[in-house]
Amino acid sequence: MQLPSSQDSLILTTVQIVELSVPSVHDIGALVAFGSGVVYITLQSIISYKSCPQWNTYFVCHIRMAISVISCIAFIPSILYAVLSENSFYVSFHQDYTYHVLSAICEWTVAFGFIFFFLTFIRDFQVGIYIF
């Protein structure tokens with residue numbers, strides 16, 4: 001088991017200080033990033049259905065739309081729980097901490113939704129290797 005280096009600890013500490021010292025910047029950034037991402041993957045799912053017979057199978061379109069719906073559903077409670085958790089300093093036994101954890105779970109669900117959504121494009125971007 002390798003211990004984290006001092007540089008890793010410094011980066012982690014810096015991120016925590018920025019998040020805790022200016023929470024409005026963090027919240028606005030998360031809202032813009034996750035909100036625009038959810039809109040993007042929803043529109044991209046609709047475009048996938050429009051180009052279905054030529055470029056995609058219906059199975060891939062259904063997978064993309066399912067990921068899009070899950071991300072949309074998880075995005076709404078992440079905003080709600082973020083608003084309910086008003087403290088910038090969290091203590092594990094405080095009620096706001098529960099809201100903070102629920103908001104983080106929803107945010108991570110959306111983030112992994114983005115990753116899995118983009119993984120569905122692997123077949124679309126595969127290029128054959130040609131030797132001339």
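This dialogue discusses a pocket and a helix pair in a predicted model.

Trainee: How is empty space located, and how many cubic ångströms lie in the second largest pocket?

Mentor: Rolling a probe the size of a water molecule over the atoms shows where empty space remains. In this structure, the second largest pocket holds about 160 Å³ of space.

Trainee: Which residues line the second largest pocket?

Mentor: Its lining consists of Gln44, Ile47, Ser48, Ser51, Trp55, Asn56, Arg64, Phe121 and Asp124. By class, the lining comprises three nonpolar, four polar and two charged residues. Helix H2 (residues 23–50) supplies the largest share of the lining, three residues.

Trainee: Why are H2 and helix H4 described as roughly antiparallel?

Mentor: An angle over 145 degrees between axes counts as roughly antiparallel. The axes of H2 and H4 (residues 58–84) cross at roughly 155° and come within 9 Å; H2 and H4 are therefore roughly antiparallel to each other. The crossing in which H2 passes H4 is left-handed.

Trainee: Which residues meet where H2 passes H4?

Mentor: On the H2 side, the participants include Leu31, Phe34, Val38, Ile41 and Tyr49. On the H4 side, Tyr58, Cys61, Met65, Ile67 and Phe75 are among them. The contact of H2 with H4 has 13 nonpolar, seven polar and one charged residues. Ser48 in H2 and Arg64 in H4 belong to this contact, and both Ser48 and Arg64 also line the second largest pocket.

Trainee: What is Tyr58 in contact with, leaving aside its neighbours within four places in sequence?

Mentor: Tyr58 lies in helix H4. With those neighbours set aside, Tyr58 is in contact with Tyr49 and Cys52. The C-alpha atoms of Tyr58 and Ser48 are separated by 8.9 Å, with the two residues 10 residues apart along the chain.

Conventions
Residues numbered from 1 in each chain as written. Predicted model: local features only at pLDDT ≥ 70, side-chain atom pairs only at ≥ 80, totals over all residues. Heavy atoms only, no water. 1 Å grid on protein atoms, 1.4 Å probe; cavity = no way out; pocket = protein on both sides within 12 Å on 5 of 7 lines; lining within 4 Å. Points joined across faces, edges and corners; volume = space filled by probe spheres on them. Helix = DSSP H or I, 4+ residues; strand = E, 2+ residues; numbered from the N terminus. Nonpolar A, V, L, I, M, F, W, Y, C, P; charged D, E, K, R; others polar. Axes fitted to C-alpha atoms, helices over the stretch in contact; angles between N-to-C directions. Parallel < 35°, antiparallel > 145°, perpendicular 65-115°, else oblique. Left-handed = near helix turned anticlockwise from the far one by under 90°. Contact = heavy atoms within 4.5 Å.
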